[in-house]
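Work through the exercises below with the sequence and the 3D view at hand. Each task is followed by a solution in steps.

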Amino acid sequence: MGLFNTLPTFQRGIHPGDFKDLTRHLPIERMPFSAELTIPLSQHLGAPSKPRVKVGDTVQRGQLIAEPGGFVSIGQHAPVTGTVTAIEPRPHPTGRMVESIIIATDPFSPQTFYNEHPMDWEALSPRELISLIQHGGFVGLGGAAFPTHVKLSVPEGKHARFLIVNGVECEPYLTSDHRVMLEEYDDLFYGIRILQKILDVRQVYIGVENNKEDAIEVLRNHVPDDMACEVIALETKYPQGAEKMLIEAVLHREVPSGKLPIDVEVVVNNSGTITGIGHMFRFGQPLIERVVTVTGPGIKRPANVRVPIGTPLTELLNFCGGITDDTRQILFGGPMMGAPQARLDVPILKGTSGILCLTENEINVREEYPCIRCLRCVDVCPVGLNPSRLGALAKSRDYEHMLDFHVMDCVECGSCSYICPSNIPLVQRFRVAKGLLREQQARNKAS
Amino acid sequence: MLILTALGALGGLTVVLALLLIIAYKKLQVKEDPRIDIVEEMLPHANCGACGYPGCRPFAEALVREEALPGKCTVSSDEGRQQIAAFLGVDVGASEKQVARLACGGGINVARNRARYQGLQSCEAASLVSGGGKECFWGCLGLGDCVDACDFDAIKLNAFHLPVINEDKCTACGDCVVACPKDLLSLHPVSHRLWINCKNLEAGDEILEECKVACTACGRCAMDAPDQMIVMKENLPVIDYRNYQDTTKPMERCPTGAIVYLHPQKGKITGPKARPVIRTSARTDAPT
Amino acid sequence: MEKKIELLLSSSPFLKQQEDTPAVMRQVIYSLLPAAAGALWFFGISALLIMLTAMLFALLTEGVYNKLTGRANTLRDGSALLTGLLLAMTLPPGIPLWMVALGTFFAIAIGKLIFGGLGSNIFNPALVGRAFLQASFPVTLTTWVAPGNGLSFMQWRSAAFTLPFVREKVAAVSTATPLSMMKFEGQLTPFKALFLGNSAGSLGETSALLLLLGGIYMAARHYINWRIPTALFATVIVTASALHWLNPETYAPFWFHLFSGGLMLGALFMATDPVTSPVTHRGCWLFGAGIGLLVVVIRTFGGLPEGVMYAILLMNGVSPLLNRIAQPPIYGDPAKFKKNEAHNE
């Protein structure tokens with residue numbers, strides 16, 4: 001970090017160290033199919049998908065097994081050829097029971113691919129392309145799992161001028177996007193062309209942090225001549241991968257509070273998502289597998305693995321040599337925003353960018369001290385909030401007052417909790433407060 | 001002489017100001033039904049909102065306008081409500097006392113934890129972290145958000161970290177119902193004493209590994225209940241309170257103790273536990 | 001997995017920087033050490049006894065209070081120790097030890113604990129203790145002894161062991177501080193004596209150099225907000241220079257204000273106390289500037305030769321207000337955006 005660093009970045013933020021050396025240089029490997037896969041009908045934000053198969057049906061790899069349950073919803077596909085054995089609630093990584101389609105893999109099937117999408121995309125209208133992406137089951141692969149087609153559907157009267165490809169991967173430990181950019185840049189640029197057509201934009205930026213120099217190099221060397229695409233090396237800083245922070249870093253624009261990137265003429269999409277879209281239009285394969293970084297000191301063989309969606313967590317851990325005896329936490333996602341798991345029989349979802357196994361040594365449960373208002377949280381909050389003040393309000397349960405201090409703009413990146421010398425669980429408090437405030441607003445609206 | 005001037009000046013001022021006050025009182029007086037004050041005085045001043053009005057005063061206004069009946073106040077005693085009704089010359093109205101009931105029996109003595117939760121000691125916060133670590137997805141987390149929400153000191157955690165509701169103190173204001181992130185609390189007439197003490201939607205004896213007092217959806221209660229008082233829905237018995245009879249029979253038939261009888265003196269009582277039996281036929285909605 | 005492992009559920013983030021509040025307190029204490037060493041050099045064993053007494057009674061007061069009220073043990077957070085040391089640094093070397101003990105008790109009990117302990121107090125506890133002593137024993141607190149050097153370490157400078165409330169038998173060989181010499185006699189102390197600390201004053205306020213060393217270290221490591229001392233110094237320089245320019249005869253030049261009295265100690269170690277200073281950067285600029293202005297005003301126009309203590313305590317009281325009016329704009333602030341729009345059109 002430096003006084004004289006000229007690489008673009010956003011304001012504030014933290015430098016937690018990247019811990020990516022465990023898997024940075026490991027090529028993506030393919031995982032064998034498990035005997036049974038669980039496809040939850042909601043693994044995205046929005047309405048659950050509607051099943052289109054019955055118990056006992058035989059399904060083929062890539063076949064649509066659930067339709068979008070609304071506009072903000074997506075299709076689901078069979079990741080394997082096999083038989084539907086049940087449609088019932090199953091444990092889900094969020095800690096709830098979620099209606100899921102269970103598929104038993106056919107052990108004798110060659111697992112050839114079932115193709116139902118037309119290839120000639122240039123003849124299609126943007127609207128048709130968006131529908132294909134929705135039915136292809138695409139969500140943001142960075143972690144939030146927001147349906148991609150919703151982001152691509154520009155509202156009436158608004159226009160996108162820039163497409164930003166989010167190749168930042170600012171979460172420590174994770175390297176899945178990094179490996180995908182290195183190995184599958186062809187699909188990425190193909191996907192960018194499709195998004196350019198849908199959004200009618202010319203200028204594309206690919207934002208990559210400078211801790212992935214090989215990826216920056218490869219992408220720069222392979223930008224097609226006829227594409228107005230610039231690969232931008234960014235200073236490594238967390239949370240640069242947050243949409244709003246990336247827009248600030250690349251274009252020096254701020255998205256107004258409560259508005260969307262499209263309001264400043266920008267659409268941001270994760271590089272992995274765009275690669276997947278490119279892959280679908282090239283080869284017809286919808287989103288039935290994704291690259292997951294399995295890493296952390298608690299895993300015996302860290303790896304970047306291409307995993308069929310719905311593979312049980314246990315199987316994936318076993319594929320990577322199993323976990324060590326002193327593993328105490330298993331996270332879906334990275335260490336800053338990931339979700340700890342209580343059980344190992346949950347499936348890998350479309351939004352699972354990494355599995356992080358932490359041991360006794362990494363567990364940070366420390367004594368909490370009173371807030372001494374040292375301002376470090378104010379210095380790091382990427383949104384410019386005052387976490388110290390918000391934390392005090394949350395502690396006294398003055399949730400409504402927190403609205404005046406813009407708690408709803410909090411992106412829950414965890415920078416304030418990371419930096420706090422008094423070990424105050426700030427983000428957890430904000431998460432609770434935001435949940436309660438949202439509930440209250442819903443109640444007020446209802447009554 | 002000086003003293004007289006001062007006295008005169010001050011005295012004059014007093015008279016003028018007093019006159020102003022009198023005029024203001026007469027001119028600016030708001031005509032208000034005097035009964036509102038009296039009725040408000042008769043109400044319990046809890047301002048709990050259980051009646052559906054923002055507080056006791058708005059409720060008193062509604063009572064005087066005869067838009068509401070005194071029975072809506074759940075905090076007053078029976079005599080109190082009758083007194084108001086007599087004063088206003090109206091019916092008491094439905095006055096069945098309601099109380100909050102918890103649909104979980106899984107204290108730490110019977111229900112297992114899958115993972116250890118560490119962090120803010122609040123159910124709301126814990127439920128956001130992968131559900132809170134309890135084996136049972138539906139069960140009470142035992143961190144006492146309902147206790148904090150209760151303004152009447154009616155809820156206490158027992159030794160097994162399970163909230164116990166004091167029926168005498170509970171005013172059915174509904175604050176705890178809102179506070180529970182697992183939606184385990186609901187308001188029920190106090191006379192409904194037969195109670196399904198579980199919300200788990202899974203069927204089969206496997207659930208007993210997670211919680212010894214879980215409902216396994218065996219369906220015996222539904223089969224043996226008089227007048228089809230109990231039906232099975234989504235792997236849980238549901239009491240049809242239209243046919244409610246004050247009986248302990250279904251409770252005695254329950255093999256796990258998931259059905260309880262809330263005795264006014266003895267508290268929660270369960271039947272002698274039979275060996276768990278799965279009856280697949282009984283898992284469907286209607287008893288056969 | 002055959003083995004049953006108990007997984008831990010806690011809330012993200014799972015990475016954490018290592019330095020906690022006790023570590024920060026320790027670092028601030030370390031930063032005070034050069035100045036404390038300076039105090040030992042100039043004032044010898046009296047200084048040592050005062051510092052030890054203050055720190056001991058600070059710990060004792062907080063420990064006993066915790067016991068009595070059943071609070072958790074808070075001694076380990078190091079804030080009591082720091083308050084004790086800071087208070088000692090503001091006291092004159094000739095003060096009897098029982099006054100030190102009483103002042104420390106007041107600082108910890110009334111300055112901090114009754115507000116709810118660390119993080120809840122409005123006023124800087126060390127300065128509360130000092131203000132209490134100043135009000136109760138004005139003569140003792142303004143009786144100064146001339147500094148010595150390391151060679152006269154064991155030399156007694158006052159009746160340190162006087163019994164409580166007994167009039168001191170031996171009056172200390174008193175001398176005047178640079179500030180009172182300036183105020184009452186119009187006599188300017190040379191720059192070198194001020195900067196190195198070879199002048200009369202409280203234990204820790206004589207050597208600007210040693211204090212600056214600690215202050216620069218803290219600012220570089222982000223233990224203090226550099227904006228507060230910067231704003232303070234800048235305001236003092238501007239106002240003092242303006243006065244000096246108007247009338248060089250009566251008004252001292254800015255360097256005199258900067259390096260004399262408790263200004264360095266106050267600016268670097270007291271005003272920057274995070275608990276009692278504002279929580280926004282804009283607020284900190286205003287806070288520092290306010291103190292600087294008040295210091296010059298009190299020193300120049302007030303009845304007292306020194307004003308740093310009252311200036312800081314006054315601004316401590318204002319800092320909740322500063323928090324209110326100096327909220328920084330958030331990312332994508334609607335107001336900011338509206339302005340940009342107007343600008344574009």
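**Exercise 1.** State how many residues chain B and chain A each bring to their contact, and sort the chain B side by class.

*Solution.* The model is a predicted one. Step 1: take two residues as touching when their C-beta atoms, placed from the backbone, lie within 7 Å. Step 2: count each side, which gives 16 residues from chain B and 17 residues from chain A. Step 3: sort the side of chain B that touches chain A; seven residues are nonpolar, seven are polar and two are charged.

**Exercise 2.** Find the domains of chain B, then describe how domain 2 of chain B meets domain 3 of chain B.

*Solution.* Step 1: mark the bounds in chain B, with domain 1 at 34-88, domain 2 at 97-190 and domain 3 at 193-288. Step 2: take the C-alpha centres of domain 2 and domain 3 of chain B, which are 21 Å apart. Step 3: count the contact, where 13 residues of domain 2 of chain B meet 14 residues of domain 3 of chain B. Step 4: on the domain 2 side of this contact, seven residues are nonpolar, three polar and three charged.

**Exercise 3.** Do the corresponding analysis for domain 1 and domain 2 of chain A.

*Solution.* Step 1: in chain A, domain 1 is made up of 20-25 + 125-283, and domain 2 covers 376-446. Step 2: the C-alpha centres of these two domains of chain A are separated by 29 Å. Step 3: five residues of domain 1 of chain A touch six residues of domain 2 of chain A. Step 4: the domain 1 side of this contact has four nonpolar residues, one polar residue and no charged ones.

Notes:
Residues numbered from 1 in each chain as written. Chains lettered and ligands numbered in written order. Predicted model: local features only at pLDDT ≥ 70, side-chain atom pairs only at ≥ 80, totals over all residues. Nonpolar A, V, L, I, M, F, W, Y, C, P; charged D, E, K, R; others polar. Domains from an automatic or database assignment.
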